[in-house]
Amino acid sequence: MANVTVIGAQWGDEGKGKIVDWLASRADVVVRFQGGHNAGHTLVVGNQVYKLSLLPSGIVRGTLSVIGNGVVLDPWHFRDEIAKLAGQGVTITPDNLHLAETCPLILPFHRDLDGLREDASGAGKIGTTRRGIGPAYEDKVGRRAIRVCDLAHLDDLEPQLDRICAHHDALRAGFGQPPIDRDRVVADLREIADFILPYAKPVWLTLKQAKSAGKRMLFEGAQGVLLDVDHGTYPFVTSSNTIAGTASGGSGLGPSAAGFVLGIVKAYTTRVGSGPFPTELEDETGQRLGERGHEFGTVTGRKRRCGWFDAVLVRQSAAVSGITGIALTKLDVLDGFETLKICTGYRLGDRILDYLPPHAADQAGVEPVYEEIEGWSQSTAGARSWAQLPAQAIKYVRRIEELIQCPVALVSTSPEREDTILVRDPFAD
């Protein structure tokens, strides 16, 4: 049976949560494979709104959900998010939620360092969520991370603490902060270990068995391709690889497991935090997009920057991530605009580019080249078939397909789970 990998094809916040939730009804397993609790997924099911940042979106449906080894885990947030969902009637147990034993932990000193560096960066601020994601990944690749499996061996933690303190205490001293309180770290870990360890599993084996049994797997990415540490708008990126290929290394399955790669694409463009944004609108139109789209970050509550659809960036995302088809979300936000614009290229000096250059100065200096397309006055909200869409809305969707050189598989017309037009079933491929 086919698997599906879902990724954001812009700067995140494209509406992945709803699409993953919708697809989860067809899946047997849902897998998170990178990022941490800096991700924000909002699910609307009837009158109930679920806001997730760490747990796989499939958990709301009771689908077997897996947090893979490519995720960095804040154990206290993990506990709190489970408690919050339980309060909304979602049953979460070690039977339907598996946590990779090899996940690195986000600890209080990671959050400290994240905030200290951001505050000291002045004009070089990246706009992190200050949740310790980056420092935790740094410790992972620096081979000094404390992982989930270490919670069962806390009496053997001294060598790892030596490596951690040798690194972090020097950094903390530079910021005028005291050394890490080793005893407090161990005490905090003892306090949380009994809650975390029942969920800890060799998830590579869970997924191997699911694959052997012909189970359908849905791999859920966080953030978006344009925030990828290699392929995004560096240095204004996240600390992990967000492209579809990461589903393999971040879960413990081979690259053939990715299956159909579904890129989630908003019908316009948004971004949270610092960094280049060629089509950003700092006028009434941008404000209108933000208000109609309720553009505030699920995790941070920060107002999102808004702009016209950038076909150049999405085409680039589709290429570097091997996207098979896209899910176009928030089409209804564009209802009522007399004219819409789509960015088809960039002007940089006397050159016209069909890609975003890699250097931050060039990225900040490009000017979008637009084509205009007629808008529509009718409502698309709640449409569940092509026949319910205005003709001009269909033309807009088809023009996006042409420009990004990738077909549309799904169209979302509201936050509601069932307000989705299925053009091509990713699980049927």
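This passage looks at a helix pair, a salt bridge and a pocket in a predicted model. Local features need pLDDT of at least 70 and side-chain atom pairs count only at pLDDT 80 or more, while totals for chains, interfaces and linings use all residues. Residues are numbered from 1 along each chain as its sequence is written, and side-chain values use heavy atoms, with hydrogens and water left out.

Start with the helices (DSSP runs of H or I, at least four residues; strands are runs of E, at least two, and both are numbered from the N terminus). The axes of α3 (residues 108–120) and α5 (residues 158–174) come within 11 Å and cross at roughly 35°; axes are lines fitted to C-alpha atoms over the stretch in contact, with angles from 0 to 180 degrees between N-to-C directions. On the α3 side, Phe109, His110, Asp112 and Leu113 meet Ile164, His168, Leu171 and Arg172 of α5 (contact means heavy atoms within 4.5 Å).

Helix α3 also takes part in a salt bridge (a side-chain nitrogen of Lys or Arg within 4 Å of a carboxyl oxygen of Asp or Glu). Here arginine 117 pairs with glutamate 138, with 2.7 Å between the closest N and O atoms. Because glutamate 138 sits in α4 (residues 133–141) and arginine 117 in α3, the pair ties together parts that are 21 residues apart in sequence. The whole structure has 23 salt bridges.

As for the second largest pocket, its lining comprises seven nonpolar, 14 polar and 10 charged residues (Ala, Val, Leu, Ile, Met, Phe, Trp, Tyr, Cys and Pro count as nonpolar, Asp, Glu, Lys and Arg as charged, and the others, Gly among them, as polar). A pocket is an open set of points on a 1 Å grid over the protein atoms alone, where a 1.4 Å probe fits, with protein on both sides within 12 Å along at least five of seven lines; lining residues have an atom within 4 Å of a point.
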